[in-house]
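Open your viewer and get your selection tool ready. We will walk through this model one stop at a time.

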Amino acid sequence: MSPRAARKHGTHKNPTTTQKRKNRTPKSSGKRQSMPMSLSKGSGAIRAIQTVGTIVGRLMGTGGGQKSNVFSILENEHRKLEKLFSEFEKADTKRRSGIAHEALTTLEIHTAVEEEIVYPAINRTIKDEGMIDEAREEHHVVKFLIHELHKMSPGSKAYAPKFKVLGELVQHHAKEEEREMFPEAESHGIDSQSLAKQVIARQARLEQKYGKRTKAA
Ligand SMILES: [Fe+2]
Ligand SMILES: [Fe+2]
């Protein structure tokens, strides 16, 4: 069985590049800085600091101060999404709306940067259109469900099962990217650091756009 087929069937024994990257994850000091009184929650100043913090965090990637890697950024987002979908299940109706909004916005930005920047670069590197076409088709279904969920109330009876199906689809899709697509691209020498810079810049612009949409809603 080829390494790619073995990865697809979950029988691949060697640690993936994902796991190797994760071994370099820095430990947090665990210390929290107290917040000045003038920087109240939700203020423009605190939002600006949070944005800078997010960008610096992404530039650091999970490489413990090493240069960022686009696949670490995307995999961190997969973990964030898993957490949000799981939190939604346990949350009461009041909290569900905020969790769902964050999950859908994160997914919209994540799928956009993959389609605009990451997938074309991977396709140029490994020249496997079948793999990219399958991933794009899965994104298509993800976006269709997001579109439907945007038109529904998170408190409605039909929302939770649809949101759950979206979570399962995203989990399946992320697993294939991490087990198959990303390691394949890395083994073919894709420039993951240059891609990370492009992804971070595009995400910042999309976050502004989605932030404006939220304010207008
Ligand atoms: Fe994807
Ligand atoms: Fe992804």
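Before you select anything, one convention: angles under 35 degrees count as roughly parallel, over 145 as roughly antiparallel, 65 to 115 as roughly perpendicular and the rest as oblique. This is a predicted model, in which local features need pLDDT of at least 70 and side-chain atom pairs count only at pLDDT 80 or more, while totals for chains, interfaces and linings use all residues. Residues are numbered from 1 along each chain as its sequence is written, and chains are lettered from A and ligands numbered from 1 in the order in which they are written.

**Whole chain.** Colour by secondary structure and you will find eight helices and zero strands; helices (H or I, at least four residues) and strands (E, at least two) are DSSP runs, numbered from the N terminus. Of the 217 residues, 24% are buried, meaning that 20 or more other C-beta atoms, placed from the backbone, lie within 10 Å of a residue's own (12 or fewer is exposed, in between is partly exposed).

**Select 159-187.** This is helix H7, with 29 residues. Its expected span is 1.5 Å times one less than its number of residues, so it should cover 42 Å, and its end C-alpha atoms agree at 41 Å apart. Now find glutamate 177, where H7 bends by about 40°, the angle between axes fitted to the seven residues ending there and the seven starting there. Buried residues of H7 include Phe163, His173, Glu177 and Pro183. After the helix comes glycine 189, with a positive phi near 75°.

**Add 70-90.** This is helix H4, whose axis comes within 10 Å of that of H7 and crosses it at roughly 160°. Axes here are lines fitted to C-alpha atoms over the stretch in contact, and angles run from 0 to 180 degrees between N-to-C directions. H4 and H7 are therefore roughly antiparallel to each other. To see what meets there, show Phe71, His78 and Phe85, among others in H4, and Phe163, Val170 and Phe182, among others in H7; residues are in contact if their C-beta atoms, placed from the backbone, lie within 7 Å.

**Zoom in on leucine 84.** You are still in H4. Is leucine 84 buried or exposed? Leucine 84 is buried, because 21 other C-beta atoms lie within 10 Å. Beyond its neighbours within four places in sequence, leucine 84 is in contact with Ile99, Glu102 and Ala103. Finally, draw a C-alpha to C-alpha distance from leucine 84 to leucine 104: they are 20 residues apart in sequence and 9.8 Å apart in space.

Note on methods
Contact = placed C-beta atoms within 7 Å.
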